[in-house]
Amino acid sequence: MAQEMAYFQGKIVPVSEAKISIKTHAFLYGTACFEGIRGNWSEDQNVAYLFRLREHYERLRQSCKILKIKLALSDDELCDLTTELVEQSGYTEDVYIRPIAYKSQEEIGPRLHDIEDDFLIFVMPFGNYLDPDAGIRCMTSTWRRVDDLAIPARAKVNGLYINSALARTEAHENGFDEAIMLDDRGHVSEGSGENIFLVRHGKLITPPPSDNVLEGISASTVITLAKDELGIETVERSIDRSELYVADECFMTGTAAHVTAVTEVDRRPVGEGGTGPITKQLQQLYFDAIRGKSEKYAGWLTAARPKTAQPRSQEVNA
Ligand code: PMP
């Protein structure tokens, strides 16, 4: 039987057995950093392809450095352990993998120094997060993206996601699918869990990391695919709010979100209001790459073969 498994306190156990104390520092203050990794199930090849696993752990290491968390395991060990965990979980559908490096001591007082760290991973089944076929309707949030001098957005810090949660819930309560956050200077930064791209005059435009964005792995994948497969350049520069309204196309990228068209911003259709032609091509190239249908990009994939192959327990999307 497939089941949610975790690497917790040095052992692989069912998720139901992985428990932390209510006094854990990371729970009290959000002092943790994480990654979100997808295992994309290939029906033809009977394998889950973990997408750009090593790059995710490289980014986790950067987040850890900012939070002064020591990661005892090497990148090779982390990759092997993750693959083993997915294989032991036994799912034959898309999965989501959540590694977390956290301040594990039971300790009062917000700080980063002189506190013990620990590291865990869990695996769970995971279908679509947004709707990549229909696209999404967005609003610019009244919440500002956290500034680098408040909580660095380039670190995937657990506590930072309050900023995303405020923006996403505001968007949801106003009838939109997702928020677009502006930074302190009013520049377009990113979605609550996605990077953002515009298409204008045949080029891609995306905000630079200095506009308080997470340096996205899906974004860098799309930049490569656009350049190498379509000959389209990406310009990294600041974007004004009003530029969202005049873009030919707009889309978001993310591990959870894949490549998803933004069809409307602040009740103005983007372009024709559907998935634009360049977005459509990038979406196809991206899906082919993540599901092992593109030999050229096989280097981005780590194969995990479930140890107990079971029939699918829920609809696999995309
Ligand atoms: N921005 C934020 C705030 C995110 O949480 C994510 C998801 N990790 C992204 C962008 C996209 O990053 P990636 O493509 O590496 O998943």
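**Exercise 1. Find which atom of the ligand Tyr161 approaches with a polar side-chain atom, and at what distance.**

Solution. Start at Tyr161: one of its polar side-chain atoms lies 2.4 Å from an oxygen atom of the ligand. This is a predicted model, in which local features need pLDDT of at least 70, side-chain atom pairs count only at pLDDT 80 or more, and totals for chains, interfaces and linings use all residues. Residues are numbered from 1 along each chain as its sequence is written, and side-chain values use heavy atoms, with hydrogens and water left out.

Next, take Arg59, where a polar side-chain atom is 2.7 Å from an oxygen atom of the ligand. Then turn to Thr255: an N or O atom in its side chain lies 2.6 Å from a ligand oxygen atom. Taken alone, the ligand exposes 390 Å², and the protein buries 96% of that (Shrake-Rupley method, 1.4 Å probe).

**Exercise 2. Work out how the shell around the ligand divides into nonpolar, polar and charged residues.**

Solution. First, note that 16 residues surround the ligand (a heavy atom within 4 Å). Among those that come nearest are Glu190 and Ser218. Now sort the shell: three residues are nonpolar, eight polar and five charged. Here Gly counts as polar, and Asp, Glu, Lys and Arg as charged. Finally, look for the elements: α5 (217-230) and β14 (249-254) each supply at least two shell residues.

**Exercise 3. Decide whether Thr260 is buried or exposed.**

Solution. Begin by locating Thr260 in strand β15 (residues 258-265). Its relative accessible area is 0%, so Thr260 is buried (under 20%, with a 1.4 Å probe and protein chains only). Lastly, follow the side chain of Thr260, which reaches the backbone oxygen of Ala257 at 2.7 Å.

Terms used: Polar contact = N/O pair within 3.5 Å; in protein donor to acceptor, adjacent residues only side chain to side chain. Helix = DSSP H or I, 4+ residues; strand = E, 2+ residues; numbered from the N terminus. Buried < 20%, exposed > 50% of the residue type's maximum accessible area, 1.4 Å probe, protein only.
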